[in-house]
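The following paragraphs lead the reader through one protein structure, from its overall make-up to particular helices and residues. Please keep the sequence and the structure in view while reading.

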Amino acid sequence: MKLRTLIIAAIAVVAISSCKSQYEMLLNSNDADLKYEAAFDYYNEGKYSKAGSLFESLSVLTNGTERDDTVRFYWGLSNYKFKDYYTAETNFANFLESYPRSPFASEARYLRLDCLYRSTLRYELDQTPTYKAITEISEYMIEFPQTPHMAACRDMLTELNERLDKKAYEAAKLYYKMEDYKASRVAFRNVLKDDSENIYREDILYYIAMSSFKYADMSIPEKQKERYLTFVDDYLNFIGEIPESHYRKELDNVYRKVQKALGKDIAVENEEMTEKDFAKERRKVIKEEKKAKNN
């Protein structure tokens with residue numbers, strides 16, 4: 001029984017060894033027709049790594065022939081299917097430079113963009129690949145407005161821009177977590193200055209207000225009044241833009257506290273201010289800010 005098992009194992013090893021030898025022989029062969037057929041066989045069987053290596057080797061033999069664009073396209077496509085997006089993107093870029101009018105060019109353009117998109121990194125890491133992908137996808141959409149991939153390109157742009165929004169938001173939020181509230185307010189304001197449509201705009205406006213409040217609350221008495229007035233301005237900006245926010249109740253409570261600190265002790269309802277009330281309050285804040293600066 002043991003002898004039989006050993007014989008079966010030996011046969012399997014020989015079979016595997018012979019298959020490997022056959023592939024290596026194909027890889028080193030100068031028979032373009034044989035290698036071309038074998039490369040497509042491996043590709044159709046889903047063996048993309050071996051197919052890619054064969055197409056790469058074959059490209060030397062088909063260079064300058066009518067098969068060359070097909071070989072180079074499937075070389076890139078094999079790498080793409082193998083999820084080696086960096087190599088695939090390079091192959092598609094080289095292919096498009098050599099064969100911009102090939103029947104495969106349209107698909108190669110889109111697949112190259114998809115490779116760039118898939119090669120981007122999560123928001124915590126370097127976003128240079130993200131900026132490159134956004135630029136290339138945007139240029140493609142302008143140059144080929146009738147592309148059947150337009151919806152997919154829009155989706156990619158949306159996700160990539162949201163990733164940049166999150167990176168900017170989280171970077172500013174780090175100052176808040178570190179309790180550096182002065183830097184936090186500046187950082188959040190700069191985020192909106194660079195991109196007023198950041199998807200975290202509501203959260204950013206909330207943290208701007210809370211940063212100014214906490215900065216004032218931690219200040220020496222001589223500086224508090226001026227800094228509380230900065231919070232009031234941020235608060236009025238917030239409720240003027242997003243009166244129904246889920247942050248409203250918390251900010252209203254903080255506003256009451258600030259008004260008491262300023263000696264006003266006025267009531268704040270959890271309802272939207274009228275435009276007249278809002279404008280009146282804004283004028284009052286501006287007037288008091290000027291007065292505080294003059295003093």
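The model shown here is predicted. A convenient place to begin is L54, a residue of helix α3, which spans residues 48-62. Is L54 buried or exposed? L54 has a relative accessible area of 0% and is therefore buried, since the term applies to values under 20%. Its surroundings can be listed by name: apart from neighbours within four places in sequence, L54 is in contact with Y23, L26, L27, K35, A38, A39 and Y42. One of these residues, L26, shows how the chain brings separate positions together. L54 and L26 are 28 residues apart in sequence, and their C-alpha atoms are 7.8 Å apart in space.

From this single residue, the view may be widened to the whole protein. The protein contains 13 helices and zero strands, and its pattern along the sequence reads α-α-α-α-α-α-α-α-α-α-α-α-α. It has 295 residues, of which 40% count as buried. Its exposed surface amounts to about 18000 Å², and carbon and sulfur atoms supply 51% of that area. Contacts across the sequence can also be described. Of the contacts between residues at least 6 apart in sequence, 53% join residues at least 24 apart.

Helix α3 offers a first example of how helices meet. How do α3 and helix α4, residues 68-81, pack, and at what angle? The angle between them is about 155°, and their axes are 8 Å apart. That angle makes α3 roughly antiparallel to α4, because angles over 145 degrees are classed in this way. In passing α4, α3 forms a left-handed crossing. On the α3 side, the residues that meet α4 are Y48, A51, G52, F55, E56, L58, S59 and T62; on the α4 side, they are D68, V71, R72, Y74, W75, S78 and K81. By type, the residues of this contact divide into seven nonpolar, four polar and four charged.

Beyond α4 the chain enters a loop that leads to α5 (85-98), and K83 is found in this loop. K83 has a positive phi of about 70° although it is not a glycine. The general background is that most residues other than glycine have a negative phi. K83 has a relative accessibility of 62% and so counts as exposed, the cut-off being over 50%.

Further along the sequence comes another pair of helices. Helix α7, residues 128-143, packs with α8 at an angle of about 150°, and the two axes are 10 Å apart. The two helices are therefore roughly antiparallel to each other. The crossing in which α7 passes α8 is left-handed. The α7 residues in this contact are T130, Y131, A133, I134, I137, S138, Y140 and M141. They meet M150, C153, R154, M156, L157, L160, N161, R163 and L164 in α8. The residues of the contact of α7 with α8 comprise 12 nonpolar, three polar and two charged.

After α8 (150-177), a loop leads to α9 (181-194), and E179 is found there. E179 is not a glycine, yet it has a positive phi, of about 65°. Is E179 buried or exposed? With a relative accessibility of 52%, E179 counts as exposed.

The last pair to be considered is formed by helix α11 (residues 221-241) and helix α12 (residues 248-261), which pack at an angle of about 150° with their axes 10 Å apart. That makes α11 roughly antiparallel to α12. Their crossing is left-handed. From α11, the contact is made by Y228, F231, V232, Y235, F238 and I239; from α12, it is made by R248, L251, D252, V254, Y255, V258 and A261. The residues of this contact divide into 11 nonpolar, no polar and two charged.

Helix α11 also holds D234. D234 has a relative accessibility of 4% and therefore counts as buried. Which residues does D234 touch, not counting those up to four places away in sequence? They are R185, I208, A209 and S212. As for M210, D234 and this residue are 24 residues apart in sequence, with a C-alpha to C-alpha separation of 8.6 Å in space.

Notes. Residues numbered from 1 in each chain as written. Predicted model: local features only at pLDDT ≥ 70, side-chain atom pairs only at ≥ 80, totals over all residues. Heavy atoms only, no water. Helix = DSSP H or I, 4+ residues; strand = E, 2+ residues; numbered from the N terminus. Buried < 20%, exposed > 50% of the residue type's maximum accessible area, 1.4 Å probe, protein only. Contact = heavy atoms within 4.5 Å. Axes fitted to C-alpha atoms, helices over the stretch in contact; angles between N-to-C directions. Parallel < 35°, antiparallel > 145°, perpendicular 65-115°, else oblique. Left-handed = near helix turned anticlockwise from the far one by under 90°. Nonpolar A, V, L, I, M, F, W, Y, C, P; charged D, E, K, R; others polar. Areas by Shrake-Rupley, 256 points an atom, 1.4 Å probe, with all protein chains shown as cover.
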